[in-house]
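Biologist: Could you walk me through this model and show how each label is earned? I would like the reasoning along with the values.

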Amino acid sequence: MIHFVLLISRQGKVRLTKWYSPYSQKERSKVIRELSGIVLNRGPKLCNFVEWRGHRVVYRRYAGLYFCMCIDEADNELEVLDIIHHFVEILDRYFGSVCELDLIFNFHKAYYILDEVLIAGEFQESSKRTIIRLLSTHDSMVEMAKEEATSIGNMIAQVTK
Amino acid sequence: MNPFSSGTRLRDMIRAIRACKTAAEERAVVRKECAAIRAAINENDQDYRHRNLAKLMFIHMLGYPTHFGQMECLKLIASPGFPEKRIGYLGLMLLLDERQEVLMLVTNSVKQDLNHTNQYIVGLALCALGNICSAEMARDLAPEVERLLQFRDPNIRKKAALCSIRIIKKVPDLAENFINPVAALLKEKHHGVLITGIQLCTDLCKVSPEALEYFRKKCTDGLVRTLRDLVNSPYAPEYDIAGITDPFLHIRLLKLLRVLGQGDADASDAMNDILAQVATKTESNKNAGNAILYECVETIMSIEDNGGLRVLAINILGRFLSNRDNNIRYVALNMLMRAITVDAQAVQRHRSTILECVKDSDASIRKRALELVYLLVNESNVKPLTKELVDYLEVSDQDFKGDLTAKICSIIEKFSPEKIWYIDQMLKVLTEAGNFVKDEVWHALVVVISNASDLHGYTVRALFRALQTTAEQESLVRVAVWCIGEYGDLLVNNAGMLNVEDPITVTESDAVDVVESAIKRHASDLTTKSMALIALLKLSSRFPSCSGRIKDIVVQHKGSLVLELQQRSLEFNSIIEKHQNIRSALVERMPVLDEASFGGRRASSLPNTVSTSNGTAVKLPNGVAKPSAAPLVDLLDLSDDVPAPSSSGGDFLQDLLGVDLAPATQSGTSQAPKAGTDVLLDLLSIGSNPAQDNSVSTPDILSSAQDHKPAIASLDVLAAPSNMMDLLDGFTPAPPKPANNGPAYPSIVAFESSSLRLTFNFSKQPGNPQTTTISGTFTNLSSNVFTDFVFQAAVPKFLQLHLDPASGNSLPASGNGTITQSLKVTNSQHGKKPLVMRLRIAYKVDGKDVLEEGQINNFPRDL
């Protein structure tokens, strides 16, 4: 299974963390610090796998962001590379040419998308179309709820004027 | 507008934080926002709860504490609307983890949401449950999740499947409930449901053997069919990645087939064809294809043997290994490690490629390759492999050298065909990377050298040559110094020349030069210098002509600030100057070290028992007297001012080599001199350094020992503890007469058994009330003579004990004679605590060892 997902910028800033195994808050910061050091210092030509503390970390760099996923020894590393790419492509389709700023200002949406790709550290859906469709349904439900709220608010405002 | 509302929108807060130039600015902004959010929480503000939680989550990602927001998550989850629930669940997953008790409060909300009419809300709940539930929650909600495995919407089914995975991992007992629903999932067409269903099936099989049996019988054929359809399916844009339809599904299917086929011939048969098809037809120019091939090879290796398939698999491995892509090579090395158990021959064929990988520029690949090489070593290829590895050692990176050295030493030790090769290789390793070599390793080398008596000359000459070229590696210097000390004469006389050697002329003076430079070297540490000193002592005996020069070198450390060196210097100087007659006997060739016992000693590394002033378990650094040391340890638990033994407590070889790693600071504290053996330990330069006066007294003991040749001879046989006691008991200085001034105290019978009585007489010096001189008298009550009589005593922390040598070591029977021994006890709690002492008496009756122990509690109170 995937134990955690980590997105860090080239400067070491954390953009997204998702933990599928129990790590306490202290352990989490320690992990982030250690891994940032290791991954950010790897040269460009080296392989995308790092052995760390008995686990394997698969990372891939997209522009200024490193996407890291920590897996067990028994998992297929090449597949995880594809999972990362799957996630990035969905982000790209959703935000339309995603850039790091999108992930900063809409971090909660990035989490929603990740939740459609992975649950419990396991892969969930291989069809990008299905995922995008689901996400837009969610978004339209949120829009509807907002409209209802404002319209009720208007009505009450009218009545209580 | 509510004046307390945190008016800033999420976007504005993020912008404000990003605009901060310093950490202090950022902290200020965050603090302000947190205060506003806290106020809003206290006000139970409904309108902005959603926004506040989002802000809180951002702040949490920056690393600030946000536990005050946890209840907000619960409130949001309990809200009726979809957006609130959505952000509430996200907050739950981000701010909490499964170990927090707050999580239990959510169980009810989650349960309701799992039964919600809005399927998207059901999806939210399943997602949160799957990511974060604890074992109790899992147990509570398992029935709901089970039911949802058959929900009408496939998206819910797939989420339920993944949630079930977490449930059975947390509560394996529930696995049986999921078997039937999962069998239905495996027949689905929706890819998402298939993928998750297959994953659930795989985990079920791992957790429950019944499930494994069931699926193996019922579902293997269906799965094979699914895979075949998938492989042969036409282009499907929705699932296509790099020309392959849904590689993720391919890989999950292969994984499940592996689990089902492992250990079962029928199942393995059923899947042979499709595995062959996948292995041959999958394109391997893109990552997706390679991932599938990787999984396929793993499966082929794990299921029951089919010759043709295995050949296919090894071919793929070979291709991967020579691929230029680093990722592929890494993966290939992994596969090869697993393939070794299956077909070692095939893997051996790739040995040269693997060796190339050890030298790769990528650290991950080097590591994998080294481990693989280690697994490949056997008796036939150990020599060329080791040669390659040692050659590489010279050019490898510093951070890799440690690993590499450890592996090389391990290989050499396990597979060395003959001693001379072992010694050669170890010498090369020491020359190249001696600083990375662990202590156990060079200790083992010394053991081997000592056992290879025909190679002594060869070894010492090789070491001498090695030292001429490099003297930077500490371990090399140590081993060389030891060998030159032991076998210096062979070095100079060119004895035992083998025909592979070039002749070399070394004069005695050259040999002494080398050892001298080892001492003078600035980088030499305490161990090396101590070993060098003792080596010089040995050389002074072997090369009498250099004796004077050696004495000058040794004497230079008389004033060393390190107590160990100072002591050695003084003692050895004394031996060289005054005791030439015993010197040669003292430093005779060391007996062959028993490989079995020292090898075993290494394997079971005893815990570090450096004693601090807290009186932790003491391990007597007397490596030779180990059998008797154990009870002595208990005894000495009482007295905790015991100096520290060597820091790697279990390594006797270290002690034997006269190496003591007790830091100098320890000896600063005044030690409670234990029983008389303490002095003897000093003599052999093993172990602790009691106060300075002991070392001065050593020459005296030596001088009186001149009369006791047989006792000295016992030094050569370093095994029997009783012999060492002999040495001590051979000294017969008259016990100091108790001073007869000061108050008189009644004498007591300190110890009495059926065969032995010990009486104590007390006296104190006037003006020194804390110190008592005790004269002990031993009487033999039995009708047998006691020989090799030794008395030892130990006292608690607040007492100091000094034991003088006994008057003799043979106690005639039936009280026809006595042994007297004098003790001096200083009571730092004089007047507050009485004396108490534990004693241990060892002697021989008719050659059989007898041990008596006891505690003396009947000291007069005011001693």
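What follows is a conversation about the interface, the salt bridges and the empty spaces of this model.

Modeller: Happy to! Keep in mind that this is a predicted model.

Biologist: Then let us start with the salt bridges. Why is the pair A:R15 and A:E100 called a salt bridge?

Modeller: The rule asks for a side-chain nitrogen of Lys or Arg within 4 Å of a carboxyl oxygen of Asp or Glu. For A:R15 and A:E100 the N to O distance is 2.9 Å, so the pair meets the cut-off of 4 Å.

Biologist: What makes this pair a tie between parts of chain A?

Modeller: A:R15 sits in strand β2 (residues 14-19) and A:E100 in helix α3 (residues 100-105), so the salt bridge links parts that are 85 residues apart in sequence. Over all chains, the structure holds 41 salt bridges.

Biologist: And which one can you show me from B:R99?

Modeller: B:R99 pairs with A:E27, with 3.5 Å between the closest N and O atoms. Since the cut-off is 4 Å, this pair counts as well. Across the interface of chain B and chain A, the rule finds nine salt bridges. It also finds 24 residue pairs in polar contact there, both partners being at pLDDT 80 or more.

Biologist: Which helix of chain B gives the largest share of the side that touches chain A?

Modeller: That is helix α5 (residues 82-95) of chain B, with eight residues. By class, the side of chain B that touches chain A has 28 nonpolar, 17 polar and 21 charged residues.

Biologist: How do you know how many residues of each chain are in contact?

Modeller: Contact calls for heavy atoms within 4.5 Å. With that criterion, 66 residues of chain B are in contact with 59 residues of chain A. The area buried between the two chains is about 5700 Å², and carbon and sulfur atoms give 56% of that. B:M61, B:R86 and B:F248 supply 12% of the area that chain B buries against chain A, more than any other three residues.

Biologist: Now the empty spaces. What makes one of them a cavity and another a pocket?

Modeller: In a cavity a 1.4 Å probe fits but cannot get out, while a pocket is an open set of points. By this rule there are ten cavities of 30 Å³ or more. The largest cavity has a volume of about 180 Å³, so it passes the cut-off of 30 Å³.

Biologist: Which residues lie nearest the centre of the largest cavity?

Modeller: They are A:E116, A:H138, B:L124, B:C127 and B:K159, out of 20 lining residues. α7(B) gives the largest share of this lining, six residues. The lining has eleven nonpolar, four polar and five charged residues.

Biologist: And what lines the largest pocket?

Modeller: The largest pocket holds about 1400 Å³ of space. Its lining has 34 residues, with A:K146, B:D47, B:H50, B:R51 and B:P83 nearest the centre. α5(A) gives the most to this lining, nine residues. By class, the pocket lining divides into 14 nonpolar, eight polar and twelve charged residues.

Terms used: Residues are numbered from 1 along each chain as its sequence is written. Chains are lettered from A and ligands numbered from 1 in the order in which they are written. This is a predicted model: local features need pLDDT of at least 70, side-chain atom pairs count only at pLDDT 80 or more; totals for chains, interfaces and linings use all residues. Side-chain values use heavy atoms; hydrogens and water are left out. Buried area is the accessible area (1.4 Å probe) that two parts lose on being put together, summed over both. A polar contact is a pair of N or O atoms within 3.5 Å; within protein, one must be able to donate a hydrogen and the other to accept it, and residues adjacent in sequence count only if both atoms are side-chain atoms. Helices (H or I, at least four residues) and strands (E, at least two) are DSSP runs, numbered from the N terminus. Ala, Val, Leu, Ile, Met, Phe, Trp, Tyr, Cys and Pro count as nonpolar, Asp, Glu, Lys and Arg as charged, and the others, Gly among them, as polar. On a 1 Å grid over the protein atoms alone, a cavity is a set of points where a 1.4 Å probe fits but cannot get out, and a pocket is an open set with protein on both sides within 12 Å along at least five of seven lines; lining residues have an atom within 4 Å of a point. Grid points are joined across faces, edges and corners, and a volume is the space filled by probe spheres set on the points.
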